[in-house]
Amino acid sequence: SSSSSSSSSSSSSNVVLRLTPDVVKDQTYFLANLSAAQLAQCMFPLGPFTKPQVRALAAAAGLATSGRKDSQGICFLGKVKFGEFVGQHLGQWPGPLVEEDSRQVVGVHEGYWFYTVGQRGGIKLPGGPWYVTAKDMTLNVVYVSRTYYEQHKRRDAFVCGPFNWLSGLRPNPSEPLMVKVRHGPAMYSCTLQLGAQEDVMTHAESAVTAATGETTLAAAAAAAAGDLCSEQGLSSSSSNSSNSS
């Protein structure tokens, strides 16, 4: 799959993580976890291309894989499923699945490491869809909810931190920025309100749903330079923020 591009000079402080033109295949949401020093050692030759362009180049070169269907898994694992891979390395540790709102045990899981905050698939409970909202890694508790996307849980402002500012500097709050709250093409215009500590109140143009612990990607609209933060909590910027469209 095509990926985001990284450009740098001899110093990692000059690294810029850029969004790829293929909004579906863009990987900056994950790559933003890397440090500038790590990205300075990376090359993404497919970054400037869309997936159809890559397929056309592969077909022109006579590559047998040019028409292969897209992979939705971890490509370097081959045909091994993610759950099987994790289980082989970490084993199993049965624990409770707890409904977030009622705090009632609604099921059993095989280990918190099989789940990601925001995950929908793989939660074997009736009456879904269910979503993972939090994990207690000390007590091995996985919290789930069926109301993850309900209107009352949508917010147009949330607090983020700590950060991995790839440029080494916090962005100028007056500059136009975009925010992404999960992997995928959806991005929203936003403004940042820098706090005294290493935290930022992010105000998005549209109300979104996100759980504590999910990653948020902020990108400068002009330079498309990716910065990363992890949400530590949600709050509304005004009394009617949860009803924003």
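The secondary structure of this protein comes to four helices and twelve strands. The model is a predicted one. Of the 245 residues, 39% count as buried. The protein exposes about 13600 Å², and carbon and sulfur atoms supply 56% of that area. Among contacts with a separation of 6 or more, 56% are between residues 24 or more positions apart.

**The four-stranded sheet**

- Four strands form an open sheet in the order E4-E3-E6-E5, and the pairing is mixed.
- Strands E4 (105-109) and E5 (131-136) stand at the edges. Each has a single partner strand, so one side of each is left without a neighbour in the sheet.
- Neighbouring strands of this sheet are turned against each other by 30 degrees on average, direction ignored.
- Strands of a sheet pair through backbone hydrogen bonds, in either a parallel or an antiparallel sense. Both senses occur in this mixed sheet, as the next three points set out.
- E3 and E4 run antiparallel and are joined by four bridges. Across this pair, Leu97 stands opposite Gly107 in E4.
- E3 and E6 pair in the parallel sense, over three bridges. Here Val98 has Tyr143 in E6 as its bridge partner.
- E5 and E6 run antiparallel, with five bridges between them. Val132 stands opposite Val144 in E6.
- Four of the five residues of E3 are buried, so this strand is largely enclosed by the rest of the structure.

**His109 and its surroundings**

- His109 lies in strand E4, one of the two edge strands of the sheet.
- Is His109 buried or exposed? Its relative accessibility is 1%, so it counts as buried.
- The side chain of His109 reaches the backbone oxygen of Pro96 at 3.4 Å.
- Leaving out residues up to four places away in sequence, His109 touches Trp93, Pro94, Gly95, Pro96, Leu97, Tyr115, Asn140, Val141 and Val142.

**Unusual backbone in the loops**

- Most residues other than glycine have a negative phi, and most peptide bonds are trans. The residues below depart from that pattern in phi or in the peptide bond.
- Arg103 is not a glycine, yet it has a positive phi of about 60 degrees. It sits in the loop between strand E3 (95-99) and E4. These two strands form a hairpin with five residues between them. Arg103 is exposed, with a relative accessible area of 51%. The cut-off for exposed is over 50%.
- Asn140 also takes a positive phi, near 60 degrees, in a residue other than glycine. It lies in the loop between E5 and E6. At 1% relative accessibility, Asn140 counts as buried. Asn140 is one of the residues that His109 touches.
- A cis peptide bond joins Gly128 and Pro129, with omega at about 10 degrees. Pro129 lies in the loop between E4 and E5.

**Helix H3**

- Which residues of helix H3 (residues 51-60) are buried? They are Lys51, Val54 and Ala58.
- These three cover an arc of only 60 degrees around the axis, which puts them on the same side of H3.
- An α-helix has 3.6 residues a turn, so residues three or four places apart point the same way.
- On the other side of H3, Pro52 and Ala60 are exposed.
- Just after H3, Gly62 takes a positive phi of about 75 degrees.

**Two further residues**

- Thr147 is found in the loop between strand E6 (141-145) and strand E7 (155-164). Its relative accessibility is 16%, so Thr147 counts as buried; the cut-off is under 20%.
- The side chain of Thr147 makes a polar contact of 3.3 Å with the side chain of Asp101.
- Leu194 has its place in strand E9 (residues 188-194). Leu194 is partly exposed, with a relative accessible area of 31%.
- How far apart are Leu194 and Arg170, in sequence and in space? They are separated by 24 residues in sequence and by 8.7 Å from C-alpha to C-alpha.

Notes:
Residues are numbered from 1 along each chain as its sequence is written. This is a predicted model: local features need pLDDT of at least 70, side-chain atom pairs count only at pLDDT 80 or more; totals for chains, interfaces and linings use all residues. Side-chain values use heavy atoms; hydrogens and water are left out. Buried means under 20% relative accessible area, exposed over 50%, partly exposed in between (1.4 Å probe, protein chains only). The arc is that of the directions from the helix axis to the C-beta atoms. A polar contact is a pair of N or O atoms within 3.5 Å; within protein, one must be able to donate a hydrogen and the other to accept it, and residues adjacent in sequence count only if both atoms are side-chain atoms. Two strands pair if DSSP finds at least two bridges between them. Axes are lines fitted to C-alpha atoms, for helices over the stretch in contact, and angles run from 0 to 180 degrees between N-to-C directions. Contact means heavy atoms within 4.5 Å. Accessible areas come from the Shrake-Rupley method with a 1.4 Å probe; for residues, only the protein chains shown count as cover.
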